[in-house]
Amino acid sequence: MGHKALKYTAEAFRWCSGILIGLTVVLNFIAVIMRYALNNPIMWCEEISLFMFVSAISFAIVPMTYSRRAVKLDFFIDLASPMIQHISQIIADMCSGIALGTVAILGISLIVRTKYRFTPILNIPYKLVYATTVVGMAVAAIMFICHAIKDIRNLANNTVENLK
């Protein structure tokens, strides 16, 4: 059941990221038309584009982590034995999970301390921009740790072929 939850979470974040990228492209296209063709620029376009782009990138790390495309060490470990390759993968997943988890926790403290920072036109609190980054990193950290735990269990059961 945990695997299904991770899969659905990764899929939801993938769709959110894709939709946000698409909306960013459409909004910027409309903004270019408004500015240069109609001589009536959309003043708030940059603020919304920043928010959507940061959110899309922050959310994209989740499906990449789930499919194990976020951190790769192939160049360095391809010549090693399968056991060393899997141990290296576990170490990379644990280090990545701990690093992303630490940055997410520090991001929460940044959100708490950001009281008076707003975008100039729409007055969107920067807490929201920071929160999307923290959410993406926290979910990715959980996925890295789950992958590492699964690999450790498979390694303990001597089922190295199940690690792929």
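Where in the structure do E11 and R14 lie, and how many residues apart are they? Let me begin there, keeping in mind throughout that what we have in front of us is a predicted model. Both residues belong to helix α1, which covers residues 2-37, and they are three residues apart, which is about one turn of the helix. Their side chains meet in a salt bridge, with a distance of 2.4 Å from N to O. For those of you who are new to this, side chains of opposite charge can pair when their charged atoms come close. As for their surroundings, E11 counts as partly exposed, since its relative accessibility is 34%, and R14 is likewise partly exposed, with a relative accessible area of 44%.

The structure holds three salt bridges in total, so let me turn to the others. R68 forms a salt bridge with D93, and the closest N and O atoms of the two are 2.9 Å apart. This pair links distant parts of the chain, because R68 sits in the loop between α2 (45-66) and α3 (74-77), while D93 sits in helix α4 (residues 82-113), 25 residues apart. Are these two residues buried or exposed? R68 counts as buried because its relative accessibility is 19%, which falls under the 20% cut-off, and D93 is buried too, with a relative accessible area of 2%.

R68 also forms a salt bridge with D151, where the closest N and O atoms are 2.7 Å apart. Here again distant parts of the chain are linked, with D151 in helix α5 (residues 126-156) and R68 in the loop between α2 and α3, 83 residues apart. Both D151 and R68 are buried. Through salt bridges that share partners, R68, D93 and D151 are joined into one network.

If you stay with this part of the structure, please look at H147, which is found in helix α5 and is buried, with a relative accessible area of 12%. Which residues does H147 contact, once its neighbours within four places in sequence are left aside? They are T65, Y66, R68 and D93, and two of these, R68 and D93, we have just met in the network. The C-alpha atoms of H147 and R68 are separated by 8.7 Å, although the two residues are 79 residues apart along the chain. As for T65, its backbone oxygen lies 3.2 Å from a polar atom of the side chain of H147.

Let me move on to the aromatic rings, where the count comes to two aromatic pairs. One of them is formed by F13 and F59, and it is edge-to-face, with 5.2 Å from centre to centre and 90 degrees between the planes. This pair links distant parts of the chain, with F13 in helix α1 and F59 in helix α2, 46 residues apart. F13 counts as buried at 13% relative accessibility, and F59 counts as buried at 15%.

The other pair is Y126 with Y130, and it is tilted, with 6.1 Å from centre to centre and 40 degrees between the planes. Both tyrosines lie in helix α5, four residues apart, or about one turn of the helix, and both of them are buried. What sits over the ring of Y126? It is the charged end of R117, which is 4.1 Å from the centre of that ring.

How values were computed:
Residues numbered from 1 in each chain as written. Predicted model: local features only at pLDDT ≥ 70, side-chain atom pairs only at ≥ 80, totals over all residues. Heavy atoms only, no water. Salt bridge = Lys/Arg side-chain N within 4 Å of Asp/Glu carboxyl O. Helix = DSSP H or I, 4+ residues; strand = E, 2+ residues; numbered from the N terminus. Buried < 20%, exposed > 50% of the residue type's maximum accessible area, 1.4 Å probe, protein only. Phe/Tyr/Trp six-rings, centres within 6.5 Å; stacked < 30°, edge-to-face > 60°. Lys NZ or Arg CZ within 6 Å of the ring centre and 35° of its normal. Contact = heavy atoms within 4.5 Å. Polar contact = N/O pair within 3.5 Å; in protein donor to acceptor, adjacent residues only side chain to side chain.
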